[in-house]
Structure formats: C-alpha cells, structure tokens
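This report looks at a protein chain through its core, its charged pairs and a few individual residues. Please keep the sequence and the model in view while reading.

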Amino acid sequence: MTPGSPDRTDSAADRRSSNDVPPTEPSMDIRDVERESAMVRLFDGHHTQLLRLAVLLGAEQDAEDIVAEAFCQLHRGWYRLRDPEAGPRYLRSVVVNLVRMRIRHLKVLRKHVDVQEPSIESAEATALLHEDQRRVVDALNSLPARQREALVLRYWLDLKESEIAEAMGISKGAVKSHTSRGMQALSRAMGAHS
C-alpha cells in the first residue's frame with residue numbers, strides 16, 4: 001500500500017478530512033420567504049372580498065377559479081411589483097380583467113352553440129349574497145359590463161376614482177361617466193323590479 005492511499009477497510013467517515021463540511025439542505029432565499037408570507041397575508045385579508053367582487057361582476061360559478069388565478073398571477077409576478085403594497089390593487093385589476101375575459105368567452109361560445117345551458121347559481125354566489133341583496137345583484141347583472149364594474153368598485157369596494165381607473169384600465173373621466181350612467185340604469189332597473 002502506498003502512503004496517502006486509502007485503506008480498503010477505511011470507512012467513509014475515516015476518509016473525510018477534518019476540513020470537509022457535511023452536505024447541507026438547500027437554503028431558501030429570504031426574498032422567497034418574504035414573498036410567501038406576504039402572499040399569505042394578502043390571501044387572508046382579501047380573498048373573500050375578491051371572491052365577492054368576482055361574483056358581483058358576473059363570474060358566477062367561476063368566481064373561485066378566477067380569484068385563484070389572480071393569486072397565481074400575482075405569485076408569478078411578485079418580483080416585478082414595484083411596491084409590495086400594490087398587491088391588493090394588482091389582484092383587483094386581475095380579477096376585473098379575468099371576469100371580462102370569461103364573459104367575452106361565454107358570449108362567443110353561446111354564439112356558436114345552439115344549446116343554452118341553464119343558469120346555475122354557484123355555491124359561492126349563494127353563500128355570499130343574502131336574499132335581500134338578490135334584487136340589487138339581478139339589477140346589476142342587467143347593466144353593461146363597464147357600468148357594473150364601475151359601480152361595484154365604487155360602491156361595494158369604496159374605491160376612489162383613481163383606483164377604479166387603475167383597476168378597470170380606463171381614465172378617471174371614463175370612470176365618472178360609467179358610474180353616472182350605471183347609477184341611472186340601476187335606478188331604472190330597480191324601479192322595474194319593484
């Protein structure tokens with residue numbers, strides 16, 4: 001046997017020098033930990049509100065999926081946020097846009113499909129809306145999408161015009177117009193339901 005060569009009877013621990021460091025588990029980046037705890041706080045604080053927003057905007061049985069997708073998009077794009085406090089605004093915008101896309105998609109499907117599926121109330125819609133709110137929701141659903149969005153964001157979420165404009169992707173002047181027209185149409189619809 002040559003000096004310095006390991007003896008065949010040496011164990012792996014005997015061959016390891018005192019300078020060797022045992023392998024460690026991969027560490028998690030502190031930014032990932034911060035992102036995960038921020039996402040948990042956002043979910044706990046805003047999930048129900050976003051779910052109601054989606055229902056009121058017309059998401060019906062897809063409300064839960066839309067809100068989940070909004071959280072997934074935020075999670076994927078977390079590091080692109082300029083300000084972590086912008087999370088709720090981002091989530092609202094995503095929910096509004098996803099509901100719009102869903103409604104457009106359903107309109108296209110209905111044009112190309114002869115069979116009309118019966119409208120089924122989702123469990124979320126039923127659980128979140130009391131009977132006394134049903135008339136208002138029915139009247140809201142009769143409004144054009146932009147007017148409905150403006151009214152829900154203004155009067156249900158109590159957002160400022162600038163926040164509504166950001167969520168809807170329109171100007172503050174357009175928010176004023178949609179809100180005003182929406183209130184007039186809602187008043188007429190509620191009067192017709194009386």
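In which helix is His178 found? His178 belongs to helix α9, which covers residues 172-193.

## His178 and its surroundings

The model discussed here is a predicted one, and the description of His178 should be read with that in mind. Is His178 buried or exposed? Its relative accessible area is 19%, and because the cut-off for a buried residue is under 20%, His178 counts as buried.

When neighbours within four places in sequence are left aside, His178 is in contact with Arg146, Gln147, Ala150, Met168 and Ile170.

## The nonpolar core

In soluble globular proteins, nonpolar side chains tend to be buried together. The largest nonpolar core of this model has 47 residues, and those with the most contacts inside it are Leu53, Val95, Val99 and Leu153. The elements that give two or more residues to this core are α2 (30-57), α3 (63-76), α4 (87-112), α6 (131-141), α7 (145-156), α8 (161-168) and α9. Of these, α2 gives the most, with 10 residues.

Leu153 can serve as an example from this core. Apart from its neighbours within four places in sequence, Leu153 is in contact with Leu53, Val96, Asp158, Leu159, Ile164, Ala167 and Met168. Met168 also appears among the contacts of His178.

## Salt bridges

Side chains of opposite charge can pair when their charged atoms come close. How many salt bridges does a search of the whole structure find? The search finds eight, among them a pair formed by the side chains of Arg35 and Asp32, with a distance of 3.7 Å from N to O. Both of these residues lie in helix α2, three residues apart, which is about one turn of the helix. Arg35 is buried, with a relative accessible area of 14%, whereas Asp32 is partly exposed, with a value of 21%.

Another salt bridge joins Glu60 and Arg102, whose closest N and O atoms are 3.6 Å apart. Glu60 lies in the loop between α2 and α3 and Arg102 lies in helix α4, so this pair ties together parts that are 42 residues apart in sequence. Glu60 counts as partly exposed at 34% relative accessibility, while Arg102 counts as buried at 10%. Arg100 forms a salt bridge with Glu149, and here the closest N and O atoms are 2.8 Å apart. Because Arg100 lies in helix α4 and Glu149 in helix α7, the pair ties together parts that are 49 residues apart in sequence. Both Arg100 and Glu149 are buried. Salt bridges that share partners also join Asp32, Arg35 and Glu36 into one network.

## The loop between α2 and α3, and aromatic features

Asp62 is found in the loop between α2 and α3, where Glu60 also lies. At 24% relative accessibility, Asp62 counts as partly exposed. The C-alpha atoms of Asp62 and Leu51 are separated by 9.7 Å, and the two residues are 11 residues apart along the chain.

As for aromatic features, the structure holds one aromatic pair. In addition, the charged end of Arg154 sits over the ring of Tyr155, at 5.2 Å from the centre of that ring.

Methods:
Residues numbered from 1 in each chain as written. Predicted model: local features only at pLDDT ≥ 70, side-chain atom pairs only at ≥ 80, totals over all residues. Heavy atoms only, no water. Helix = DSSP H or I, 4+ residues; strand = E, 2+ residues; numbered from the N terminus. Buried < 20%, exposed > 50% of the residue type's maximum accessible area, 1.4 Å probe, protein only. Contact = heavy atoms within 4.5 Å. Core = buried A, V, L, I, M, F, W, Y, C linked by side-chain atoms within 4.5 Å. Phe/Tyr/Trp six-rings, centres within 6.5 Å; stacked < 30°, edge-to-face > 60°. Lys NZ or Arg CZ within 6 Å of the ring centre and 35° of its normal. Salt bridge = Lys/Arg side-chain N within 4 Å of Asp/Glu carboxyl O.
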